[in-house]
Amino acid sequence: MADSLDREDELRRNLVADVAHELRTPLAVLQGSTEALLDGIDRPDVPTLASLHDEVIRLRRLVGDLESLAAAEAAGLHLRADRVDLSDVAATAVDLLGPFAAERRVTLATDLLVARTAGDADRLLQVAVNLVANAVKFSPTDTCVTVRTATVGGNAVLEVSDQGAGIRPGDVAHIFERFWRGSEATGTTGNGVGLAIVKELVTAHRGTVSVTNNPERGARFTVQLPSST
């Protein structure tokens, strides 16, 4: 119980620090813009109001991401112990993201073998959805994202590969950090939370997640969880 309370206290401190850090910039922009309007320096025309609206949307997105991250960090305290086959989880994720991939003209391919583990099915689906969505987002049009599952060496394995630009060497060490966005993220939406959530949830399941570049092209994310019968 003492360890659990310490962990919850640590999560609260981390969340407060994240909120303070991530909300500082949009709040400063909003304050500066509204003060300029009040002082008569700027006029409340459409471009100015549109800029303020964009910052409000950014704030809402940040709050949503922070909520998701806090839930992921706390997942280890509240995980269910379901009997889960990662092939079923991956198939569901692919079905859910089919329209998103089609919109971006990215093909989703699967090679799903039995990969049984014990864990929280909903949280593992969140892992798969985040990885597949991330792969689609960074894939050029008319390319393929491949999702594989298998049991390898006592581990249930989920692998998501894309045909994008890959991960730059200097970015690999930071790819799972909270709110970190690599050089390839320029021009894309998001606040750098998705992969941090994946890392937290996989760790809570006593597993590992890693990233490598494909020899031909693109990146490959691999999740390994203890297998079960």
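**Entry 1. Helix 6**

I began with helix 6, residues 194–204, and looked up which of its residues are buried: Leu195, Ala196, Ile197, Val198, Leu201 and Val202. I note that the model is a predicted one. I then looked just past the end of the helix. Arg206 follows helix 6 and has a positive phi, near 60°.

**Entry 2. Helix 6 against helix 4**

I next looked up how helix 6 packs on helix 4. The axes lie 9 Å apart, and the packing angle is about 150°. I recorded the crossing of helix 4 and helix 6 as left-handed. From helix 4, I listed Arg123, Gln126, Val127, Asn130, Leu131 and Asn134 as the residues making the contact. From helix 6, the contact is made by Gly194, Leu195, Ile197, Val198, Leu201 and Val202. Among these, Leu195, Ile197, Val198, Leu201 and Val202 also appear in my list of buried residues of helix 6. Sorted by class, the contact of helix 4 with helix 6 holds 7 nonpolar, 4 polar and 1 charged residues.

**Entry 3. Helix 4 against helix 3**

I turned to the packing of helix 4, residues 121–137, on helix 3, residues 86–103. Their axes come within 9 Å and cross at roughly 40°. Are the two helices parallel, perpendicular or oblique to each other? I enter helix 3 and helix 4 as oblique, because the class of roughly parallel is kept for angles under 35 degrees and that of roughly perpendicular begins at 65. The crossing of helix 3 and helix 4 is right-handed.

For the contact, I listed Leu86, Val89, Thr92, Ala93, Leu96, Leu97, Phe100 and Ala101 on the side of helix 3. Helix 4 contributes Leu124, Leu125, Ala128, Val129, Val132, Ala133, Val136 and Lys137. I recorded the classes for this contact as 14 nonpolar, 1 polar and 1 charged.

**Entry 4. Val129**

I picked out Val129, a residue of helix 4. Which residues does Val129 contact, leaving aside neighbours within four places in sequence? I found Ala93, Leu96 and Leu97, each of which is listed for helix 3 in its contact with helix 4. I also looked up Ala90: Val129 stands 39 residues from it in sequence, and the two C-alpha atoms are 8.0 Å apart.

**Entry 5. Thr143**

I moved on to strand 4, residues 143–152, where Thr143 is placed. Is Thr143 buried or exposed? I enter Thr143 as buried, because its relative accessible area is 6%, and the cut-off is under 20%. The side chain of Thr143 reaches the backbone oxygen of Pro140 at 2.6 Å. Setting aside neighbours within four places in sequence, I listed the contacts of Thr143 as Arg105, Val106, Thr107, Gln163 and Arg217.

**Entry 6. Glu159**

I then looked up Glu159, which is found in strand 5, residues 155–161. Glu159 counts as buried because its relative accessibility is 17%, again with the cut-off at under 20%. Not counting residues up to four places away in sequence, I found Glu159 touching Thr146, Val147, Arg148, Arg220, Phe221 and Thr222.

**Entry 7. The protein as a whole**

Last, I looked up the overall figures. I recorded 6 helices and 7 strands, and from the N terminus on the order of elements is α-α-β-α-β-β-α-β-β-α-α-β-β. The protein has 229 residues, of which 38% count as buried. Among contacts with a separation of 6 or more, 72% join residues 24 or more positions apart.

How values were computed:
Residues numbered from 1 in each chain as written. Predicted model: local features only at pLDDT ≥ 70, side-chain atom pairs only at ≥ 80, totals over all residues. Heavy atoms only, no water. Helix = DSSP H or I, 4+ residues; strand = E, 2+ residues; numbered from the N terminus. Buried < 20%, exposed > 50% of the residue type's maximum accessible area, 1.4 Å probe, protein only. Polar contact = N/O pair within 3.5 Å; in protein donor to acceptor, adjacent residues only side chain to side chain. Contact = heavy atoms within 4.5 Å. Axes fitted to C-alpha atoms, helices over the stretch in contact; angles between N-to-C directions. Parallel < 35°, antiparallel > 145°, perpendicular 65-115°, else oblique. Left-handed = near helix turned anticlockwise from the far one by under 90°. Nonpolar A, V, L, I, M, F, W, Y, C, P; charged D, E, K, R; others polar.
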